[in-house]
Every structure is written in structure tokens, then in C-alpha cells.
Amino acid sequence: MVDIVNTAATNNDVILDVRHLKTYFGTGDKAVRAVDDVSFQLKRGKTLCIVGESGSGKSVTARSILQIVDPPGKIMDGEILYYGKDAKGQDLARLDERGKEIRSIRGHEIAMIFQEPMTSLSPIHTIGDQIIEAILLHQDVNKEEAKNRAIEMLRKVEIPNPAVAIEKYTFEYSGGMRQRAMIAMALACNPKILIADEPTTALDVTTQAEILALIKNLQEQYGMAVLFITHDMGVVAEIADEIGVMKNGHLLEFGTAEEVFYTAKNDYTRELIDSVRKLETSARKARKNTTTDQKLMEVRGVSKIYPGRKGFLGGKTSAPFKALDNVSIDLYEGENLGIVGESGSGKTTLGNCIIRVLNPSGGEVLYRMGSGQIVDLAKAGTHDLREVHQEIRMVFQDPFASLNPRMTIAQIVGEPLLVSGKAKGQALRDRVTELLATVGLPAMALDRYPHAFSGGQRQRIGIARALACNPRLIIADEATSALDVTLRSQILDLLLDLQEKLNLSFILVSHDIGVIRYFCDRVAVMYKGQLVEVGEAEKICSAPDHAYTKALISAVPGTHPQDKRIMNRHRYNAEAPSKVA
Amino acid sequence: MLSAIPFMFMVSLTVFILIQLPPGDFVDSYAASLSASGEVIDAATMADMRHRFGLDQNILMQYFQWMSGIILHGDFGYSFEWNSPVSALLWERMGLTLILSICTLMLTWMIALPIGIYSAVRRYSIGDYFFTLVGFVGLAVPQFLLALVMMFAGVKYFGIDVTGLFSQDYANAPWSWDRVVDLLKHLWIPMIILGTASSASLIRIMRANLIDQLYMPYVVTARAKGLSETKLLLKYPVRIALNPFVSSIGWILPNLISGAVITSIVLNLQTVGPQLYQSLLSQDIYLSGAILLLICLLTVVGMLISDILLVLLDPRIRFE
């Protein structure tokens with residue numbers, strides 16, 4: 001724990017001084033101490049990043065400042081001194097949470113933006129309505145004037161054609177545009193502090209880079225202080241002046257970006273930074289090369305086209321949508337192939353077409369079975385697919401949604417064996433125990449239900465299920481995306497260990513360049529349903545050829561506070577689509 | 001929207017088959033009721049009646065005659081039992097039924113929406129528990145029982161007759177201002193009785209809808225803007241929680257008309273429900289057919305209205 005309360009309390013640079021903040025959910029002994037004795041200071045015009053994994057209390061800390069913690073959360077103790085209006089400071093923690101005083105602070109002095117720009121804006125009011133509302137609340141202007149200001153704000157956040165865009169609804173905006181609109185709304189009243197609660201987590205990496213640059217830019221224009229909540233050390237390295245590290249409601253470390261990144265005092269901080277830096281290297285290089293020159297699978301000109309839909313009363317028709325456009329790629333036995341791309345690029349569709357969750361519209365997927373027989377997965381019948389599905393298995397993204405909550409672990413992991421008639425009774429139980437041991441789970445897990453396990457453990461269960469039938473190929477679709485960063489490399493290491501033991505090949509679908517670089521031998525880059533570049537992982541991640549890949553790679557946050565990569569990123573603008581015309 | 005036409009065709013066919021399904025026809029049940037009072041009609045008279053009513057033709061012919069009458073002349077057929085055209089019988093009852101239904105609906109919403117909002121916002125408070133209890137009692141008590149209790153209480157303690165929609169003086173009088181006043185005097189009791197159960201269920205629905213919305217991120221965003229709690233509540237979560245209500249208008253309409261048969265019989269209301277019941281008993285096929293058809297038409301119209309309202313209220317649907 002760091003005690004910084006007495007160091008610079010009356011310093012003129014400080015705009016927000018949080019002292020011994022305690023926010024609990026519930027009361028008495030059973031209270032969950034979401035924020036437990038947290039103290040930090042935010043300086044004028046500077047960016048403070050609070051970083052931590054899920055459940056660390058970072059969001060609750062941010063929300064406590066505006067007193068908008070969801071019930072039963074409550075500030076139990078501590079002070080939140082705001083030096084915006086006068087030098088004396090106003091204690092926000094003392095204000096009535098429904099009172100006029102705190103409401104004149106919210107959105108006016110201190111504004112906030114949130115993680116999910118889709119759900120954080122009302123779906124049935126126009127963007128303009130919601131921005132104008134904020135202006136009218138705090139400024140003495142008429143509606144006309146407020147609307148002009150709202151349009152001006154939309155222009156500032158670089159939304160094209162703001163006079164038209166202001167009449168649109170949230171669902172007509174893309175994810176990045178929504179977050180821009182949200183920023184416009186937050187900044188409409190010139191707040192002195194902007195609190196950003198994971199504002200880029202739900203966005204693609206290139207969009208994230210744009211939003212981070214925008215916030216930085218506006219921060220300089222307006223001279224705001226920014227309190228940035230994130231779980232991503234990369235983002236922290238890009239934008240932070242000062243950093244606070246939280247875990248289990250405690251602030252473990254607080255210091256300048258340089259101090260925290262290079263001379264961290266706390267072990268957990270070092271672990272966080274290491275687990276990000278680890279993903280900047282390749283783990284495959286350091287291991288035995290398992291790749292052979294035997295082709296396991298040839299994907300030839302696979303397409304997936306969703307036909308256009310007729311509108312209401314035979315009106316507007318939507319054009320057919322090409323989710324996959326003539327994709328060809330090879331996979332060698334023992335190889336780890338990465339498929340990388342942003343949301344909507346078709347990377348998941350490709351994985352699903354290979355395993356035939358979806359039926360491809362054209363092309364062939366030639367797969368060499370363990371018996372040496374070649375099967376075209378794109379056309380295989382039910383009988384052949386049954387055989388194939390023993391050899392190709394899948395690991396899914398969300399370890400919470402992909403395990404049936406009403407089945408025990410033994411049932412979940414044993415199901416593929418039971419269905420294929422490979423084992424039953426005691427033999428099945430022994431095999432499941434063995435599988436759990438392979439993924440590092442104790443045998444006592446057998447009769448428990450998924451909810452008893454953490455995210456990382458559940459993903460291990462998902463992997464054990466995939467291994468049950470001795471597969472030869474595993475398709476992992478964003479298998480580590482839902483996990484905290486410290487768990488991410490653990491799961492990847494587990495998969496690499498299994499590969500050496502069990503002669504596996506992997507197709508790893510991911511949006512995360514770090515994960516791809518760490519895990520894969522070769523990478524295929526997808527953009528709008530097309531394969532734009534295929535090559536060695538090392539090369540793609542450091543010196544790509546295609547302009548889109550360059551833009552993608554340069555938008556990935558770095559891990560060193562000095563090289564602000566995002567600010568000097570490469571931008572790709574080929575036929576850049578925007579939802580608002 | 002145009003799909004309503006083939007749908008109505010299917011409905012009319014089904015209705016006609018259904019009312020023809022019971023064994024025998026109107027002449028049989030007429031003869032049975034006569035013989036119960038000692039009279040006997042011979043087979044020739046019965047055959048003659050069948051011929052006169054067109055009941056001796058095959059079902060398909062009867063159906064086409066009925067339908068062509070409705071479509072070409074607006075003629076819903078002839079009621080055997082009442083010896084008068086169905087449309088003449090129906091309009092007054094239909095009008096009264098609609099007035100009663102719409103007033104009941106308004107009352108229901110005026111009671112249920114505010115209570116629903118209160119229950120959701122002050123969840124698990126004493127007030128919420130109180131309304132929950134009242135709501136469940138309202139749901140559990142059968143309407144006709146409530147009607148009987150009200151009738152008893154009315155006569156015993158207040159000395160008023162609460163049955164019917166008119167006093168005896170106005171029951172068969174032509175429409176006049178006094179008759180309207182008389183109607184209003186009688187209307188409130190069936191409104192309360194019929195509104196109780198639906199208010200109770202609407203309170204529960206509103207409460208559940210609103211609780212779903214209350215903790216949505218967009219509410220937090222609005223709060224972070226500095227909106228006051230009341231304004232925020234009404235503009236965002238309540239507004240969105242109302243959408244499912246609008247979509248339920250479609251099935252509230254026919255339900256209000258046909259759903260209260262027993263209560264209407266108990267209260268002796270001159271609405272459509274008891275008439276439908278009676279016409280089905282006496283196999284007065286054109287009358288019962290017309291009523292069933294109108295109820296289905298109301299369902300379709302109700303659905304259409306709620307769809308249109310929903311499109312106006314919710315931009316997400318507009319752009320689908």
C-alpha cells in the first residue's frame with residue numbers, strides 16, 4: 001500500500017484528491033469491499049490511468065467520484081476533494097447523491113464516458129437529443145443554440161456530416177462512431193475532468209487507436225484532466241502520465257508512468273507488465289519445431305455469401321453480403337496458423353466454414369484424415385462429418401457461455417466420448433480424470449458444476465472437452481479474449497505444451513496481435529471477407545507488406561511509455577466505410 | 001399488412017366450420033326447446049323451416065352465401081332466434097361493449113402504470129410488497145365472484161342495483177342525453193370489476209419491464225449527465241419499458257370483448273359476451289358466426305394498431 005495523502009494535498013496542480021475512499025456493497029461482515037481505502041490524486045491537464053483486472057474495483061472507484069455506483073454500493077468512508085471551483089475544495093463524497101449540488105458537478109464539471117457505447121446510449125432517442133439534453137442541463141442557452149453547439153461538438157469528434165448525423169439513432173452508428181458521439185456528449189459542457197471507463201475495450205484495435213488519439217487531442221485543446229480506467233497495460237503505456245494499479249479493491253501502486261513501467265515496487269504490477277511484454281515475443285521460436293511439410297488441410301476458394309433480404313412491403317432490398325470472398329490457405333501438420341482481423345472481417349466465419357458449423361457457399365476444404373483419406377469438408381455428408389468431428393474440435397471464446405451450467409464437469413468433458421460411443425461407465429470416468437489432469441485440473445473437479453470455476457479454469461475445461469476424442473486439429477476461436485491478461489499467456493502455454501505431447505495442429509482465430517505473435521507460426525490477415533496477406537508470424541507482426549496489415553500492426557498499443565506508437569500510427573483508408581453517409 | 005386478407009379468409013372458414021360442428025342445427029334445438037314446453041312440430045314443418053333458412057344446402061354453399069352477403073352487401077345474415085338481421089342486433093351491443101372496454105382499459109392503465117413504476121423503483125419496499133399482495137389477490141379472485149360480492153354489497157348496504165348498464169327507465173329508450181348520463185352512472189361498477197384482474201397483471205408486467213431497464217448502462221450515462229432522478233426515470237427507462245405495453249394492445253382488445261362472458265352474464269350487461277354465449281347454445285349460427293368473426297377482426301385490427309404505434313415509438317423497429 002502506498003500512502004500519498006500527505007505529500008501534495010494542497011498542491012495547486014491537483015484537481016481531484018481522493019483520500020481513503022471506501023465503497024462497499026452491502027453492510028456488516030458480509031459487505032463486499034469493492035474499493036478499500038484507496039487514495040490518489042489527479043493533476044490538472046494530466047492523464048491518470050487506473051489499471052486492474054476484472055473485479056479489481058477500478059470501475060467502482062471511478063463511479064464513486066460521481067456517486068453513480070449501482071445499489072447496494074455505497075461510499076462508506078473517505079473524502080473526494082474537488083478543486084475545480086475554488087482553492088478550498090469541495091468534498092464530493094459528502095454530497096447527497098440525488099441532490100442539486102452533485103448534479104451540477106455531473107456532466108458539467110466532471111463528465112464520464114463508458115465501455116459499451118451501444119448500450120450506454122438510449123436506443124430510442126437520437127444522438128442529437130442526448131447531446132442537446134446535456135447542454136441544456138448545464139448551460140443557459142435556448143434549444144437552437146444548444147443544437148448548434150451539439151453539431152459543433154460532433155464536428156470536433158470528427159463525425160462526418162454532423163448536421164445530418166445529429167438526427168441519427170445509435171444503431172445507425174458504427175461502434176467507433178458511437179464512442180465519438182459519447183465523447184461529444186461528455187465534452188459538451190467543457191468539463192474539467194473526463195472519466196473514461198474502459199472506453200475502447202469493446203472496439204477494434206484500429207478504432208481504439210483513433211479514439212485514444214482523439215481523447216488525447218481534445219484533452220490538449222480543453223486542458224482537461226483525464227481519469228482513464230482500463231485493464232490493458234498497452235493502452236496505459238500509450239496515454240498515461242501517472243498510473244495507479246488496483247487489485248481486489250486496493251491500490252497497490254501509484255506513480256508516474258516511467259516509475260511504474262520500469263521500477264515497479266509491487267510484484268503484481270511487474271506480473272501485469274511482464275504478461276503483456278511476453279506476448280510481444282514468440283513462444284513458438286523457443287520450442288521444438290513441430291511443423292512438418294505434410295499438408296493437413298487445403299482451403300481452396302471458399303466463399304460464404306448471405307443473400308440479400310427483401311424489405312417491408314417489398315421496399316428496400318439489402319445487397320447480398322459476402323462474408324468470405326474466395327479464401328485459399330494451406331495448413332501443415334503440426335503447424336499453428338493464426339487468422340487475424342477486426343470484427344466483421346470474416347475470420348470467425350472462416351473457422352465455422354472449416355468445421356462446417358456453417359455451410360460454405362462455394363470452394364472446397366480438403367482435409368487429410370488420420371487414415372490418409374482426403375475428405376472435402378465443404379461437401380462432406382453427415383456420416384463423414386461425424387468422423388471428421390472426432391479429429392477437428394473447437395475451443396470457444398466465452399468460457400461462461402460455452403459450458404452447460406446444468407451439467408457436471410464429468411458430463412461436459414465426457415460427452416463427446418459418450419456420443420461417439422468410445423467409452424462409458426468407469427472407463428469414461430477414468431479418461432475424463434486423465435483429461436482434466438492434462439489441462440491441470442484436479443480430479444475433485446469431476447462432479448462439480450461450471451459455476452464453481454473461474455474464467456481461466458473454465459477455459460481449461462473447454463480445452464479438456466476438445467481433447468476428449470484425441471483430435472488432430474483444434475480450432476480456437478478467440479479462446480483467450482475473455483480472459484484477464486495474466487491468464488492469457490497461461491492458457492496459450494498450456495495449448496503449446498499439449499501440442500508437443502499430442503501432435504496437434506491449431507487454427508487460432510483472434511483479433512489480438514499479441515496472442516497471434518506469441519502462439520502462431522504463420523498468420524493470415526483478413527479484411528472484409530478477403531485474405532489480404534499470409535506469411536510468417538514474425539514477419540507479419542513486425543514488417544508486413546500489405547497497407548492494411550501495416551495499419552493494423554501500428555495501431556496495436558506498445559508496452560513502453562516513451563514510444564507513443566498510436567500517435568504515430570499508419571492509417572489505412574482504402575474505401576473506408578462509414579455508416580453515416 | 002396485406003397478409004391480413006388471406007388471414008381473415010382462413011379465420012372466416014374456421015369460424016364457420018366451428019359453428020357447424022355441434023350435432024344438429026337451429027331447427028333441431030328449436031324443436032327441442034318447443035317439445036320441452038309440450039309442443040310438437042312435425043317433420044314437414046321442420047323441413048320447411050330448414051328450406052327457408054337455407055339449412056338444407058351443403059355446408060360449402062351455406063358458407064359462400066354467408067360470405068358473399070357480408071362482402072357484397074354488408075349483410076351478416078339473419079338471426080333465427082331473434083327474427084331480425086344480425087347486424088341490427090349487433091351494432092348496439094358492440095357499441096356498448098366498446099365503450100365499456102375502452103373505459104376499462106383507460107382505468108386499468110391509469111391504475112397499473114403508476115403503481116408498476118413505483119413498485120419497480122422502490123423494489124422490495126413495504127409499498128412494493130403491499131401492491132404485490134393486492135395484485136396477487138386481484139389476480140386470484142375470479143371476476144364473477146367479485147361481481148356477485150359487489151352486487152350483494154350494493155343491494156345490502158347502499159340500496160342500489162348495480163346490474164345492467166341502464167336503469168329500467170332507459171333500458172329500451174332511444175338515445176338521449178339523459179340516457180348517456182344513466183349509462184355513465186352504471187358503467188363504473190363493471191369497469192372496476194373487469195379492470196381489477198388486468199390491472200393486477202399489468203402492474204406485474206410494468207414492474208418487471210422497468211426493473212430490466214433501470215440498471216441499463218444508458219441510465220447510468222443519463223445520471224452521469226446530471227439529470228434529476230424523476231426526469232431521468234420518465235425519459236429513459238419508463239419510456240422504453242412502455243414499448244411492450246403497446247405491443248400488447250393487440251390482444252387486450254378482443255380479450256376485453258369476449259373475455260368477460262361470465263361476469264357480463266352475472267351483471268346482466270347488454271354486451272356482446274352474453275349474446276355470443278346464448279347464440280352458441282341455440283345454434284343461431286349466423287349470429288354466433290358474425291360475433292366470432294368480429295372478434296377475430298378486432299384482433300387483427302388491434303395487432304395492426306399496436307404494430308403501427310410501436311413503429312412510431314421505437315426507431316429500432318422503423319429501420320428494420
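These are some informal notes for someone opening this two-chain model, chains A and B, for the first time.

1. First, a word on what you are looking at. This is a predicted model, so please read each number below as something computed from predicted coordinates.

2. Let's start with chain B as a whole. Chain B has 320 residues, and 46% of them are buried. Its secondary structure comes to 15 helices and two strands, so if you colour by secondary structure, expect those two strands among 15 helices, going by the definition of helices and strands as DSSP runs. Along its principal axes, the C-alpha trace of chain B spans about 85 × 55 × 35 Å.

3. Two more overall values for chain B. Its accessible surface is about 16700 Å², and carbon and sulfur atoms account for 71% of that. As for contacts, take the ones in chain B between residues at least 6 apart in sequence: 72% of these join residues at least 24 apart.

4. How is chain B divided up? The domain assignment gives domain 1 as residues 4–75 and domain 2 as residues 88–318. The C-alpha centres of these two domains of chain B lie 34 Å apart. The two domains do touch: 20 residues of domain 1 of chain B are in contact with 14 residues of domain 2 of chain B.

5. Chain A has a domain assignment with three entries. Domain 1 is written in two pieces, 1–109 and 191–280, while domain 2 covers 117–190. Domain 3 of chain A is also in two pieces, 295–306 and 315–557. If you want a distance to check on screen, the C-alpha centres of domain 2 of chain A and domain 3 of chain A are separated by 40 Å.

6. Now for a surface feature on chain B. A nonpolar patch of about 680 Å² is formed by B:Leu133, B:Val137, B:Val141, B:Phe144, B:Leu145, B:Leu148, B:Val149 and B:Ile262. Which helices supply at least two residues each to the nonpolar patch? They are helix H6 (126–140) and helix H7 (143–158) of chain B. H7 of chain B gives the most, with four residues.

7. One patch member is worth a closer look. B:Val149 lies in helix H7 of chain B. With a relative accessible area of 49%, B:Val149 is partly exposed. Patch residues need over 30% relative accessible area, so B:Val149 clears that cut-off at 49%.

8. On to a residue in another helix, B:Ser264. This serine sits in helix H12 (residues 261–267) of chain B. Is B:Ser264 buried or exposed? B:Ser264 is buried, because its relative accessible area is 4%. Leaving aside residues up to four places away in sequence, B:Ser264 touches B:Leu269, B:Thr271 and B:Pro274. There is also B:Pro190, which is 74 residues from B:Ser264 in sequence, with 8.3 Å between their C-alpha atoms.

9. Next come the charged pairs. Over all chains, the count of salt bridges is 34. In chain A, one of them joins the side chains of A:Asp376 and A:Lys379 at 3.2 Å, N to O. The two partners contrast: A:Asp376 is buried, at 17% relative accessible area, whereas A:Lys379 is exposed, at 59%. Another pair is A:Asp545 with A:Lys539, at 2.9 Å, N to O. Here A:Asp545 is exposed at 55%, and A:Lys539 is partly exposed at 37%.

10. Chain B offers a pair too. The side chains of B:Glu229 and B:Arg223 meet in a salt bridge of 2.8 Å, N to O. B:Glu229 counts as buried at 18% relative accessibility, and B:Arg223 counts as buried at 17%. Elsewhere, salt bridges that share partners link A:Asp129, A:Glu133, B:Lys225 and B:Lys235 into one network.

11. Finally, the cysteines. How many disulfides does the structure hold over all chains? The count is zero. For two of the cysteines in chain A we can say how covered they are: A:Cys49 counts as buried at 0% relative accessibility, and A:Cys469 counts as buried at 4%.

Notes
Residues numbered from 1 in each chain as written. Chains lettered and ligands numbered in written order. Predicted model: local features only at pLDDT ≥ 70, side-chain atom pairs only at ≥ 80, totals over all residues. Heavy atoms only, no water. Patch = residues over 30% accessible without salt bridge, like charges linked within 9 Å, V, L, I, M, F, W, Y side chains within 5 Å. Areas by Shrake-Rupley, 256 points an atom, 1.4 Å probe, with all protein chains shown as cover. Salt bridge = Lys/Arg side-chain N within 4 Å of Asp/Glu carboxyl O. Buried < 20%, exposed > 50% of the residue type's maximum accessible area, 1.4 Å probe, protein only. Disulfide = S-S within 2.5 Å. Domains from an automatic or database assignment. Contact = heavy atoms within 4.5 Å.
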